[in-house]
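User: Could you take me through the sheet in this structure and what packs around it? I'm a first-year student, so please explain the terms as you go.

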Amino acid sequence: MRKRLSRIKKIEILWDINYKIFNNYLDYYRDENIWINFKESWDSAKWNTHDLIYISEKSLIKFLDDKTLTRASKAKNYNGKNGSRAFVSEHIVPFNLLIDLYKEEFKFKNPSFNEYKDFFIKFNKICLVWHEEDNYLNDLGFKKNMPVKINEIKDNIFSRYVAANIKPIKTIFLNPGDLFTVLKEKRDEGLCINEIKQLISKQ
């Protein structure tokens, strides 16, 4: 019987595999002047090789104030759209821009493994926003865009959130499920928001 891999080990493997794949994309770009940017070719990195999870302050307040809310709650039950979740996993830097930024950063020379990993930790940031915040980002025209040019992203990673007045809290969790498990426990214990912020946040 094959040994089941832990989630941590699976993520380690994906970091390694994606590094090799993306180096091939860069090599192909230099040889053929074609950049592989269709989303299916980057999906394993999009949701697995990222920084620690963020949660917006509004999402945290909503969750703590309403015991009917869970990670999987539907937006339609909270004055939202059909087919959407109340808590939306949102990329702070839209992933289509991250792909282009990766090419610009390493188009002349493939990164070392550490450079590649540092890049994804810096730019691949996922935040759990309240569905209304996600809609507002879209209304502002920032679903796949940012208020700054691509060469300015490095110094303005949170510019979309500044424009939409979204306040992200960096947590100590890599997995949203683990974050919500702890949030539910502390909500049931009756802890106040400041106590919970201190428990979950990466200072």
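Analyst:
**A close look at the sheet**

Strand E2 is mostly covered, with four of its five residues buried (buried means under 20% relative accessible area, exposed over 50%, and partly exposed in between, using a 1.4 Å probe and protein chains only). Before going on, keep in mind that this is a predicted model, where local features need pLDDT of at least 70 and side-chain atom pairs count only at pLDDT 80 or more, while totals for chains, interfaces and linings use all residues. Residues are numbered from 1 along each chain as its sequence is written, and side-chain values use heavy atoms, with hydrogens and water left out.

E2 belongs to an open sheet of four strands in the order E2-E3-E1-E4, with mixed pairing. The labels come from DSSP runs, numbered from the N terminus: helices (H or I) have at least four residues and strands (E) at least two. Two strands pair if DSSP finds at least two bridges between them. Strands E2 (87-91) and E4 (168-170) stand at the edges with a single partner strand each, so one side of each has no neighbour in the sheet. From one strand to the next, the twist averages 30°.

Now for the partners. E2 and E3 run antiparallel and are joined by five bridges; His 91 stands opposite Ile 126 in E3. At the other edge, three bridges join E4 to E1 (residues 54-56), and this pair is antiparallel too. Here Tyr 54 has Lys 170 in E4 as its bridge partner.

What lies across the sheet strands E1, E2 and E3? That's helix H6 (residues 131-139), which runs at about 105° to E3 (126-130). Axes are lines fitted to C-alpha atoms, for helices over the stretch in contact, and angles run from 0 to 180 degrees between N-to-C directions. Contact means heavy atoms within 4.5 Å.

E3 also leads us to the largest nonpolar core, since E3 is among the elements giving it two or more residues, along with H1 (7-32), H4, H5 and H7 (159-164). A nonpolar core is a set of buried Ala, Val, Leu, Ile, Met, Phe, Trp, Tyr and Cys residues joined through side-chain atoms within 4.5 Å. This one has 37 residues, and those touching the most other members are Phe 22, Trp 35, Trp 42, Tyr 102, Phe 119, Phe 120 and Ile 153. Apart from it lies another core of 19 residues, including Ile 53, Ile 55, Leu 69 and Leu 179.
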